[in-house]
Amino acid sequence: MALTPLDIHNKEFTRGFRGYDEDEVNEFLDQVIKDYEIVIRKKKELEREVEQLNERVGHFNNIETTLNKSILVAQETAEDVKTNAAKEAKLIVKEAEKNADRIINEALSTSRRLSVEVEEMKKQAKVFKMRLRMLVEAQVDMIDNDDWDQLLDTQFPHAEPAQPENEGEQEETDKEYAEK
């Protein structure tokens, strides 16, 4: 057990025949008591300070633990977000590829259909041109036919041209005949 200042103060020494000077011993003991009290006080202060520092260290350890857990959660969340983003990106790319394939197939189908339609129109245009040529040639043959000359040379006996009732009608009849 450690000595207290009171133990030092109450200590009684036995007296010997030629012992120490009592006043010197008492003065020395008083000085030891004062110094010992100072040491004990400082010790108690240091113990309180150590206790406070231990509490602060414990608090900071709790903060450190919480921060480490938060960092781990943040890292896991970041990994989850990264993984989900990669999955979503793959889905978007696949969807875009499907749409691109669909658009290309539709374009090819439309191109083929238009090509067939263009070829069909070319055939129809050739047929139309051929028929028009035949019609025009038939009309030209009809105009060049000798029957017109015979018709124009034929004379009708005693036929008189019909007379219009007024002069305006006569002019119109003359114009029509000239145009023919």
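These questions and answers walk through a predicted model of one protein chain.

Biologist: How many helices and strands are in the protein chain?
Modeller: From the N terminus on, the elements run α-α-α-α. Strands number 0. The count of helices is 4.

Biologist: What percentage of the protein chain is made up of buried residues?
Modeller: Buried means under 20% relative accessible area. The chain has 180 residues. Buried residues make up 2%.

Biologist: How much area does the protein chain expose, and what share do carbon and sulfur atoms supply?
Modeller: The exposed area is about 17,800 Å². The share from carbon and sulfur atoms is 56%.

Biologist: Which residue forms a salt bridge with K43?
Modeller: The structure holds 4 salt bridges. In this one, the closest N and O atoms are 3.5 Å apart. The partner sits 4 residues from K43 in helix α2, so about one helical turn separates the two. The partner is E47.

Biologist: Is R113 buried or partly exposed?
Modeller: R113 forms a salt bridge with E117, with the closest N and O atoms 3.1 Å apart. Both lie in helix α2, about one turn apart. The relative accessible area of R113 is 44%. Partly exposed lies between 20% and 50%, so R113 is partly exposed.

Biologist: What is the N to O distance between K122 and E119?
Modeller: K122 and E119 are 3 residues apart in helix α2. K122 has a relative accessible area of 46%, and E119 has 40%. Their side chains meet in a salt bridge at 3.6 Å.

Biologist: Which residues form a nonpolar patch on the surface?
Modeller: One of them, L135, is in helix α2, residues 22-144. Together the patch residues have about 460 Å² of accessible area. They are F128, L132, L135, V136 and V140.

Definitions and conventions. Residues are numbered from 1 along each chain as its sequence is written. This is a predicted model: local features need pLDDT of at least 70, side-chain atom pairs count only at pLDDT 80 or more; totals for chains, interfaces and linings use all residues. Side-chain values use heavy atoms; hydrogens and water are left out. Patches are made of residues with over 30% relative accessible area and no salt bridge: like charges are joined within 9 Å, nonpolar side chains (Val, Leu, Ile, Met, Phe, Trp, Tyr) within 5 Å. Accessible areas come from the Shrake-Rupley method with a 1.4 Å probe; for residues, only the protein chains shown count as cover. Buried means under 20% relative accessible area, exposed over 50%, partly exposed in between (1.4 Å probe, protein chains only).
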